[in-house]
Amino acid sequence: MDDIAVGTLDLAARVDDALAVQALAFGLSDEEIAVRRHIVLRHLASPGARALGATTAAGRLVGFVYGMPNDRTHWWSGVVEPYLRATGSDGWLDNAFVITELHVHPDFQKRGIGRALITTITGSATEPRSILSAIDVESPARALYRTLGYRDLARPVIFPSAPSPYVVMGAPLPLRERP
């Protein structure tokens, strides 16, 4: 990660660069990118929303994370709340920092960039815990989240129009250091 810098990102100004990274990581269509662009810009208007980017020395964005303090009136909370309630975990929605998106360009994965992004953004959170949702498959992302202290809170979680089930994970803050 020597040639990659993690720092504050003006996500509104670089939303297209960020979504290009997400599109590669998730295989998104142009239509899905357009929808997500609208969602990202709407999220950035939320109180406490902030973003970090991972950039090369030449300024190329190769990873990003953004999140915000959870608000139970937001769409995401409304979808996951019944699943969390069913497992007795709905209290995780209160006083939590949500990792809304975390993506690293496939050519730059397995270099510690995702870890640096998520630990840095949660490191400045004032909330005592963090929550996120991830596709419910065993993946490098899920493995990373577990090493940081995240555990499954509810699964499978079905988001409208999502092709795959998700899992909601939560971790106390600060996140665990490297094992």
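Q: How many aromatic pairs does a search of the whole structure find?
A: It turns up 3 aromatic pairs. Keep in mind that this is a predicted model.

Q: How do I read one of those pairs, say the rings of Phe-159 and Tyr-166?
A: In general, you describe a pair of aromatic rings by how far apart the centres are and by the angle of the planes. Here the centres of Phe-159 and Tyr-166 are 5.1 Å apart and the planes stand at 90°, so we call the pair edge-to-face.

Q: Is Phe-159 buried or exposed? And what about Tyr-166?
A: Buried means under 20% relative accessible area. Phe-159 counts as buried because its relative accessibility is 7%. Tyr-166, at 14%, is buried too.

Q: Which residues form the aromatic cluster?
A: Trp-75 joins Phe-159 and Tyr-166 in one cluster.

Q: What sits over the ring of Trp-92?
A: That's the charged end of Arg-129, 5.5 Å from the ring centre.

Q: Which residues touch the most other members in the largest nonpolar core?
A: A nonpolar core is a set of buried residues joined through side-chain atoms. This one has 26 residues, and those touching the most other members are Ile-99, Ile-113, Leu-117, Ile-118, Leu-132, Tyr-145 and Tyr-150. Several elements each supply at least two residues, including strand S4 (96–104), helix H4 (113–123) and strand S5 (129–135). There's also a second, separate core of 15 residues, with Trp-76, Val-79, Leu-84 and Val-157 among them.

Q: What is Leu-117 in contact with, leaving aside its neighbours within four places in sequence?
A: Its contacts include Val-6, Leu-52, Phe-64, Val-65, Leu-102 and Val-104.

How values were computed. Residues numbered from 1 in each chain as written. Predicted model: local features only at pLDDT ≥ 70, side-chain atom pairs only at ≥ 80, totals over all residues. Heavy atoms only, no water. Core = buried A, V, L, I, M, F, W, Y, C linked by side-chain atoms within 4.5 Å. Buried < 20%, exposed > 50% of the residue type's maximum accessible area, 1.4 Å probe, protein only. Helix = DSSP H or I, 4+ residues; strand = E, 2+ residues; numbered from the N terminus. Contact = heavy atoms within 4.5 Å. Phe/Tyr/Trp six-rings, centres within 6.5 Å; stacked < 30°, edge-to-face > 60°. Lys NZ or Arg CZ within 6 Å of the ring centre and 35° of its normal.
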